[in-house]
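Hi everyone, thanks for coming. I'd like to walk you through one model today, starting with the ligand and then moving outwards. Let me put it on the screen.

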Amino acid sequence: MTDIDVNKLANAKSKGKRPYFFDDPAVERVLSITMAVATELAVTRERLDTVERLLEAGKSVTKANIDAYRPDDDASKERQQWHADYIARILRIVHQELEAVENEALNADPEKLADDFAAT
Amino acid sequence: MANTLPPTYDRNGRHPLSPKVDHDEIARFNFLTNLNVHIGQRVSPGNRTAFDNRVSPKFKQETGRPLETRQQVRDAMKKDPFYQCWAALRRNTMEQRQQAGRHVVLRQLDDLIERAKEHNDGKETLKIDPSAEAPRYLAAVDNHCMPGSYYTEIVPDDVLAGANYETGLFVTTAGSMSSKGDGGGRSIVNFVRDRFPDFSPKRILDLGAGIGANTLPLASAFPDAEVVAVDVGAPMLRWGHARAQVLGHDNVRFIHSDGDTVDFEPNSFDWVQTTMFWHETSTSAIQSMMKKAYDLITPGGLFLNVEQPNFKPETSLFDQFTRDWDAWYNNEPFWSKLHVMDVFEVMKAAGFQSDKMFDGGTEADIERGQFQSWSSTVSRHKAEAKDSGDAKDNSYKGERWYLFGGWK
Ligand SMILES: C[S@@+](CC[C@H](N)C(=O)[O-])C[C@H]1O[C@@H](n2cnc3c(N)ncnc32)[C@H](O)[C@@H]1O
């Protein structure tokens, strides 16, 4: 085996200055790590789904069976739907911020409302 | 009914050389594909809302003037918190895709190299030139955040760049390139058959062919033609050549060279093709390689290019900003310049005649079934197009692929 450091090379930075989009680069770092953790949770969840389907089919849960498992059309769609639902859940705040931009009526300030309600 | 979710990665085409992917690697690709789709379909549209509802009005309020250039739009959008989050997610997803694809290939690199060698060693159809060097525009920046770009070799006989490119294409394009990653090439064939039904080339050159995924459909469509794929990235060619061999295309030649200096007889190809090539070059490279192409094409031969369409007068500043995004944030710097470059002027300077130039579009050609019904949901550029309703009108109407070219 050629002596290469697989993780180091897989993680290599591409040439070209990396853009940071948030005002504070630390936010970008945290988002990036959070999304990587979210990815690994999705991987674990898909594995669990495979284990369940193997058990349901009366097969033994071995590493070989897990790696060889290929979802049929229904299972394939169900698993993609799970990813879609999961991603919608973890990106909730992004979608709520968008709703706030879309509809100004959602943004009443409680401080002002308190004064308003007190006065009327 | 169009599918609203992409196929799972296990449906992606495989061949005897494909890297092994274990359960969790497939799951990781599935997540990243779905994340790309979610960002593209559900989060991206919010940029327009943020632009219309606050970025654009705010600019006007602060400066007393409307936004006038795509650069101003970009500077103004940079400050918007919704855009910031979308952009950070998008960039990060691309980096994750590179890491995931590279890891799959790197952990079995020795084996992949050995297997590629079995199909490469001693073959007349593969020529690697150890003296070929990456041109300046490739050496300065790793296009689409692909560490090491197309040409870097980390070990002798390296195939990493090519194998990673193929392995991750499904994720990057969310499965819209067909299961063999050859959706572009299949569409080129449709375009040529439709527009030029009598054209039957004998010798075809694909310049900047990469692993040749989009070259092979040309070879299938014109089985009597000699097909040559040129690229400056040796790992792309080693992988592409071995891949072509196992896919039964043992007559496609893969030649390692900078297209600028590639050594063929003048007037020796009746078709020179480039596919998604020019946007990763430079102005002087386009000028000189179009001259080169003109020189290599036989009189009466075809020059055909698949590229990003130019901005049109009716392309809004916001759409210009959106279409430029990859230039600045996905390491494709020249992409933005190409959007406003008159390629027909460059062709003219290279020798082509205006009255023999053309452009047009063609829809994605994807094999039937899951991939096709899914792909129809992700075609780009459609929104910009207006259909004239004239059946003989060959102009570009926002189809998935834009093509331009000319006859010598
Ligand atoms: C975006 S890829 C497109 C690959 C292929 N045409 C396809 O459709 O998949 C661009 C390719 O152009 C190659 N390239 C860039 N500059 C080149 C040059 N001057 N000569 C030859 N190849 C070049 C790169 O190595 C890379 O493989």
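Let's begin at the ligand, where a backbone N or O atom of Gly259(B) lies 2.7 Å from a ligand nitrogen. Taken alone, the ligand exposes 600 Å², and the protein buries 98% of that. Please keep in mind that this is a predicted model.

Who else is around the ligand? There are 20 surrounding residues, and the closest ones are Tyr137(B), Gly208(B), Asn214(B), Asp231(B) and Gly259(B). Asp231(B) puts a polar side-chain atom 2.6 Å from an oxygen atom of the ligand. Val232(B) comes in through its backbone instead: an N or O atom there sits 3.3 Å from a nitrogen atom of the ligand. If you sort the shell by class, you get 11 nonpolar, six polar and three charged residues.

Now let's zoom out to where the two chains meet. How many residues does each chain bring to the contact? Chain B gives 58 residues and chain A gives 53 residues. As many of you know, people often describe the size of an interface by the accessible area lost when the parts come together. Here, the area buried between chain B and chain A is about 4,900 Å², with carbon and sulfur atoms giving 61% of it.

On the polar side, 26 residue pairs are in polar contact across the interface of chain B and chain A, counting pairs with both residues at pLDDT 80 or more. Which elements of chain B give two or more residues to the side that touches chain A? They are helices H1 (23-43), H2 (45-63), H4 (81-106), H5 (109-120) and H12 (317-329) of chain B. The largest share comes from H4(B), with 15 residues. By class, the side of chain B that touches chain A has 29 nonpolar, 15 polar and 14 charged residues.

A word on charges, then. Side chains of opposite charge can pair when their charged atoms come close. Between chain B and chain A the count is four salt bridges. As an example of a salt bridge, take Arg18(A) and Glu95(B), whose side chains meet at 3.0 Å, N to O.

Over all chains, the count comes to 30 salt bridges. Within chain A, the side chains of Lys63(A) and Asp67(A) form a salt bridge at 2.7 Å, N to O. Both residues lie in helix H3 (residues 63-68) of chain A, four residues apart, about one turn of the helix.

That's my tour, and I'm happy to go back to any view.

Key: Residues are numbered from 1 along each chain as its sequence is written. Chains are lettered from A and ligands numbered from 1 in the order in which they are written. This is a predicted model: local features need pLDDT of at least 70, side-chain atom pairs count only at pLDDT 80 or more; totals for chains, interfaces and linings use all residues. Side-chain values use heavy atoms; hydrogens and water are left out. A residue is near a molecule or strand if one of its heavy atoms lies within 4 Å of it. A polar contact is a pair of N or O atoms within 3.5 Å; within protein, one must be able to donate a hydrogen and the other to accept it, and residues adjacent in sequence count only if both atoms are side-chain atoms. Accessible areas come from the Shrake-Rupley method with a 1.4 Å probe; for residues, only the protein chains shown count as cover. Ala, Val, Leu, Ile, Met, Phe, Trp, Tyr, Cys and Pro count as nonpolar, Asp, Glu, Lys and Arg as charged, and the others, Gly among them, as polar. Contact means heavy atoms within 4.5 Å. Buried area is the accessible area (1.4 Å probe) that two parts lose on being put together, summed over both.
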